[in-house]
Amino acid sequence: MFTRTTFAAATAALLMTGSAAMAGPKAEVLHWWTSGGEAKAVAVLQKEFADNGGEWTDMPVAGGGGDAAMTALRARVLSGNPPTAVQLKGPAIQEWYAEGVLADISDVAKAEGWDKILPPAIAKHMKCDGKWCAAPVNVHRVDWIWANADILKKYNIKMPTTWAEFNAAADKLKAAGVTPLAHGGQAWQDATVFEAIAKGILGADGFRKAFVELDTATLTSDKMIAVFDQMRKMRGYVDDNFSGRDWNLATAMVMNGEAAFQIMGDWAKGEFMAAGKVPGKDFLCGATPGGGFLYNVDSFAMFKVAGADRQAGQKLLAKLIVGKNFQKVFNLYKGSIPVRTDVSLDDFDVCAHKSAADMAAASADGSLLPSYAHGMALRSAQSGAITDVVTAFFNSDMSSADAVKALAKAVKNSL
Ligand code: BGC
């Protein structure tokens, strides 16, 4: 029978459901965008979210490359309290999906026509078992050399197009007392330089064999020995204080004329731009030698959470991230290019134009490569195993021949 008490309880429940459904979208967002350029970029998303009635709780975890952010994420998921939205990319998306903790955002993707506006090569990273499980933000290119324009001019150096040219320029600068390479000795930065060299020396097929297929013959080849030889040269081009330095401080060295070059993804351009520097005038960008294109796509995955307000927040966030306006404004700050091919690049700089043109060419000739150093190619256990060897090599006097042996062993143990 329907008593007065049950009626009251039912009304209260109805009211609660009503108010929960009416509460504005909410999102707690875990990301690692804390440098000057990165903070300007993520502020664009925060503003769009707020303009659309959303309530954003920021969870920034400092640390370039996102290693610290991923540790924080594991702790939150293990404690049964995942953040609403997480900066997550590459195979890590599918790894988390396999744990059963990711939300399905296919309804947003379908309503927004993502299949039509995203290149298939990028869309595939956002799908889990045929469902959409992440929203892509941008395309970062990893294999860039950034240079201080005045230093190159002063020493009559052209942007290097081969590793031999790079070494000749670096030797000349070093002899003149200028630090050739701004670098931060953190494992992920070592890996970033290493994979750019590997792309050039191994070529696209060799890179894929080594860092996608984990082919032992390629990992131990003479060419891989040559990759480590070039890494050893790089060690001679950094300053004495490189250990532990954050990547954006290395970028600042190039900006301030304390070093000539940095090898880093185009989030470095975000730093130059945030400091008001002009590409082509104050700083130069060039692809690292050897053709090809190493891509790194930032994306957000939504974790399974309770509450209509938080689920509404996830849908809103996913929709905004792939939205045309956001894709343009965010990427102007971030240094990357839009993931959507229908966003005009008119307002973008010369480096962004080069990125888009090189990416299209690489896609056409089969040299579009996923960055292993930025989590696009391998599961974290495997990329971590490779990076451990690279870092151990960079910080010791290990021979290149021993390094390739260690590489093959580490990869085998990680499988
Ligand atoms: C991310 C970028 C970020 C960079 C430095 C990369 O792995 O993809 O968005 O700016 O790390 O933190």
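These legends describe close-up views of a predicted model.

**View 1. The ligand and its surrounding residues.** The ligand has 14 residues around it. Glu-38, Lys-89, Asp-298, Lys-334 and His-374 are the closest. Sorted by class, this shell contains four nonpolar, six polar and four charged residues.

**View 2. Polar contacts to ligand oxygen atoms.** Lys-334 places a polar side-chain atom 2.7 Å from an oxygen atom of the ligand. Lys-334 is also listed among the closest residues of the shell. Gly-65 approaches through its backbone: an N or O atom there lies 3.1 Å from a ligand oxygen atom. Trp-32 uses its side chain, with a polar atom 3.3 Å from an oxygen atom of the ligand. The ligand taken alone exposes 310 Å², and the protein buries 100% of that area.

**View 3. The cavity and the two domains.** The largest cavity holds the ligand. Domain 1 spans 26-140 + 296-350, and domain 2 spans 142-294 + 367-414. Each of these domains supplies at least three residues to the shell around the ligand.

**View 4. The disulfide between Cys-128 and Cys-133.** The structure has two disulfides. One of them links Cys-128 to Cys-133, with an S to S distance of 2.0 Å. The torsion about this S-S bond is about 80°, so the disulfide of Cys-128 and Cys-133 is right-handed. In general, a disulfide is a covalent bond joining the sulfur atoms of two cysteines.

Technical notes:
Residues are numbered from 1 along each chain as its sequence is written. This is a predicted model: local features need pLDDT of at least 70, side-chain atom pairs count only at pLDDT 80 or more; totals for chains, interfaces and linings use all residues. Side-chain values use heavy atoms; hydrogens and water are left out. A residue is near a molecule or strand if one of its heavy atoms lies within 4 Å of it. A polar contact is a pair of N or O atoms within 3.5 Å; within protein, one must be able to donate a hydrogen and the other to accept it, and residues adjacent in sequence count only if both atoms are side-chain atoms. Accessible areas come from the Shrake-Rupley method with a 1.4 Å probe; for residues, only the protein chains shown count as cover. On a 1 Å grid over the protein atoms alone, a cavity is a set of points where a 1.4 Å probe fits but cannot get out, and a pocket is an open set with protein on both sides within 12 Å along at least five of seven lines; lining residues have an atom within 4 Å of a point. A molecule sits in a cavity or pocket if more than half of its atoms lie within 2 Å of its grid points. Ala, Val, Leu, Ile, Met, Phe, Trp, Tyr, Cys and Pro count as nonpolar, Asp, Glu, Lys and Arg as charged, and the others, Gly among them, as polar. Domain bounds come from an automatic or database domain assignment. A disulfide is a pair of cysteine sulfur atoms within 2.5 Å.
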